[in-house]
Protein chains: 2
Amino acid sequence: MLMGEYHNSIDDKSRLLLPSRLRTEVAGSTLILTRGVDKCLWLFPPEEWRRISDSIMGSSSMFKSKTRLLQRRIIAPAQECEIDKSGRISIPPTLRESAEMKLKGEAVILGIDSYMELWDIDAYADYLQESETDFMEAAEELGELLSLQ
Amino acid sequence: MLMGEYHNSIDDKSRLLLPSRLRTEVAGSTLILTRGVDKCLWLFPPEEWRRISDSIMGSSSMFKSKTRLLQRRIIAPAQECEIDKSGRISIPPTLRESAEMKLKGEAVILGIDSYMELWDIDAYADYLQESETDFMEAAEELGELLSLQ
DNA sequence: TGTAAAGGTGGGTAAAAGTGGGAAAATATA
DNA sequence: TATATTTTCCCACTTTTACCCACCTTTACA
């Protein structure tokens, strides 16, 4: 299970080192990188990506507007990427820019169960701050849910 | 499977380079270009185009107004186009203008499973912004779908 | 605390991808 | 038929990417 929050920097060739703790959790050297919901990138092992993309593509038609939205925001931006011999992935410029990640900038890498999230460090700080109230609410709801069990 | 979001520019001869990653996925050098739903162009491999056009023409009659609309918006504007030796297609001016794409302007190329979408970069940014709320909704629904599996 | 191994960083180089533009061919115009 | 305009084809140049290797830093352990 992927876990952990790490801060690594993107080099001037748009490469990002994946922490070795996370690397050992994913089987092969191929991952799927795409735009996430919110201002971040998602990084999936291939089988996990297949689950997501199948459920978007499966029940859908290019003639439905919600399908097209999901296809354009999630499916289309996706890229296969290889982990190089030093454990880095190379982030295509279009994807990097969509998450406001800068060359030579600090990135946050989150391990979340079966996938990873990549954030620009400032964008992530902003996100956490903006959503503090929502987080408190969510925590309350979770508390109620748990006390019922 | 076609995947990826790319930004290339249209040159002053109305030519657009198709990213090599997408080119390798389509078999031949002939593609069908037509107007898409929303302010974009659709680019199909011939067999995929046949599927779409058959399904529009098949279930329909020229004496139904909605059929005529689909025929006029999707079927009629379609053009065959060839990929040249440098991997570019030449976009006919009428189609280019229907998607607000400018000479020497930046275009967004989306790979979506079995076809491609072409957008003017500003028009695409506008589209994404306008549909942000819908996207969040669609993402929530997708989340519920996935958690049931 | 020395040494080896693993983890992390930077950069050089060759190949591939992308860009622009000239010349020839085709089409249109006078 | 001569001239102008557009389109197509091709070539050369520039930029980007992929791949590799060397080295520096941290960690683990004797």
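1. The surface near DNA strand D is made up of two nonpolar, four polar and six charged residues. This is a predicted model. Both protein chains contribute to the surroundings of strand D: from chain A come A:Glu82, A:Asp84, A:Lys85, A:Ser86, A:Ser90, A:Pro92 and A:Pro93, and from chain B come B:Lys13, B:Asp84, B:Lys85, B:Ser86 and B:Ser90.

2. One of the residues around strand D is A:Lys85. A:Lys85 sits in the loop that joins β5 (79-82) to β6 (88-90) of chain A. Is A:Lys85 buried or exposed? A:Lys85 has 7 C-beta neighbours inside 10 Å and so counts as exposed, since the cut-off for exposed is 12 or fewer. The C-alpha atom of A:Lys85 is 25 Å from that of A:Arg35, and 50 residues separate the two along the chain.

3. DNA strand C is surrounded by 15 residues, and the closest of them are A:Leu17, A:Ser20, A:Ser86, B:Pro19 and B:Ser20. By class, the surface near strand C has four nonpolar, nine polar and two charged residues. A:Ser86 is also listed among the residues around strand D.

4. On the protein-protein side, the contact between chains A and B takes 19 residues from chain A and 19 residues from chain B. On chain A, α2 (46-58) and α3 (65-75) each supply at least two residues of the side that touches chain B. The largest share of that side, eight residues, comes from α3(A). The side of chain A that touches chain B divides into 11 nonpolar, four polar and four charged residues.

5. How are α3(A) and α6(B) packed? Helix α6 of chain B covers residues 132-148, and its axis lies 10 Å from that of α3(A), at an angle of about 90°. The two helices are therefore roughly perpendicular to each other, as angles of 65 to 115 degrees count as such. From α3(A), the contact is made by A:Lys66, A:Leu69, A:Leu70 and A:Arg73; α6(B) brings B:Asp134, B:Phe135, B:Ala138 and B:Leu142. This helix contact has five nonpolar and three charged residues, and no polar ones.

6. The last point concerns the relation between the two copies. Chain A is superposed on chain B by a rotation of 26° with 12 Å of shift along its axis, at an RMSD of 0.5 Å. The copies use different surfaces: of the contact residues of chain A, 5% recur in chain B.

Conventions:
Residues numbered from 1 in each chain as written. Chains lettered and ligands numbered in written order. Predicted model: local features only at pLDDT ≥ 70, side-chain atom pairs only at ≥ 80, totals over all residues. Contact = placed C-beta atoms within 7 Å. Helix = DSSP H or I, 4+ residues; strand = E, 2+ residues; numbered from the N terminus. Nonpolar A, V, L, I, M, F, W, Y, C, P; charged D, E, K, R; others polar. Near = placed C-beta within 6 Å. Least-squares fit on C-alpha atoms with pLDDT ≥ 70 in both. Axes fitted to C-alpha atoms, helices over the stretch in contact; angles between N-to-C directions. Parallel < 35°, antiparallel > 145°, perpendicular 65-115°, else oblique. Buried ≥ 20, exposed ≤ 12 C-beta atoms within 10 Å, placed from the backbone.
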